[in-house]
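Biologist: I should like a close look at one part of this model, with the terms explained as they arise.

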Amino acid sequence: MLCLVVWLAIFPLVAGESNGAGFWTKRYGSFSDSEYPIALAVGETGQFAVFAENDGGIFRSSDYGSSWSKTAAPTELHWSSIACDKNCTRIAATVQTDPFEVLYISDDGGQSFVNMSSSGLPQTMYAQRPIASSGTGQYLVVAYSNKYGIYVSSDYGASWENPSIADLGYNEVDVSYDGQIAIATAIGQSCGQSTSQSCVQITTNFGNTWTSAALAVENSNFMYVAIGRSSDVMMYAVDTLNVGGLYQSMNNGATWSRLINVPNVSLSSVTCSADGKDILVSTFNLQGEPNAVYSSFDFGETFSSTYE
């Protein structure tokens, strides 16, 4: 993925080396109880990446996660989400201040950050605000969890518009490389589901209009989504209420199918490669088994444990 937001990551991991526990290697040292990575974003090829600490600053890597440098972002703040362009030169991150969340943007790889409080985004109290970026950083999407809806920017975050349904609360958002297509998970009565108030919202016109995906699943709770960046057609959605609840669309969200070979555990996040072929899912096992990361390299036909 171009700019992946990973909620509640324990530490940044990069694939490719075996450390005796799978195919993952720990890339950044130990953290205190209050200073831990809360969000991670990866550039187009994986060479560039950034992560934000819950109670610290923002760090950037230009060598596939082998080393990390602290940026000029304000420290000792409660960062909550982060996104970047293809080279992580343009970085957008939200931080929880008292009592409002604030958006910060850097256009120089983290050498400086600008407080975007006057850019037109609502100043709301304690609202989770996941953020996603297009490949150039021109198109940004911010989703509000407290029913302020989705805000989109087509000018690198300088100004914002709110074209979505305002009474929906949003949990996660992802956007295509060119910014034309975006996907988000929402909750609220406007979802229109009979036994579930969660739904997946999609735009195919740069965020100008949003519609509910044809993904009506009884007693479901869709929380996490991912979109393939190069093809702009592959989409994945996670239903956290039902074990193994991973759904796939291969036509911009027009139709969906449930992947049948997903591990029979509760899923907590999903991401995919630019073409949608390679998939990573993390688990939250309520039955007491170890949590894990599972990978698929064949569009979800098969899965194997990658990290436990």
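At its relative accessibility, does Tyr139 count as buried or exposed?

Modeller: Tyr139 counts as buried, because its relative accessibility is 19% (buried is under 20% relative accessible area, exposed over 50%, and partly exposed in between, with a 1.4 Å probe and protein chains only). The model is predicted, so local features need pLDDT of at least 70 and side-chain atom pairs count only at pLDDT 80 or more, while totals for chains, interfaces and linings use all residues. Residues are numbered from 1 along each chain as its sequence is written, and side-chain values use heavy atoms, leaving out hydrogens and water.

The setting of Tyr139 is aromatic pairing. There are 6 aromatic pairs in the structure (rings of Phe, Tyr and Trp, the last by its six-membered ring, with centres within 6.5 Å; planes under 30 degrees apart are stacked, over 60 edge-to-face, the rest tilted). One of them joins Phe51 and Phe59, which are stacked because their ring centres are 5.0 Å apart and their planes meet at 10°. Phe51 and Phe59 are both buried. Tyr139 pairs with Phe206: the centres lie 4.9 Å apart and the planes are at 35°, so this pair is tilted. It links distant parts of the chain, 67 residues apart. Tyr139 sits in the loop between strands E11 (131-133) and E12 (140-143), and Phe206 in the loop between strands E16 (198-203) and E17 (211-212) (strands are DSSP runs of at least two residues, numbered from the N terminus). Phe206 has 33% relative accessibility and therefore counts as partly exposed.

Elsewhere, Phe51 and Phe59 form one aromatic cluster with Trp68.

Notes
Helices (H or I, at least four residues) and strands (E, at least two) are DSSP runs, numbered from the N terminus.
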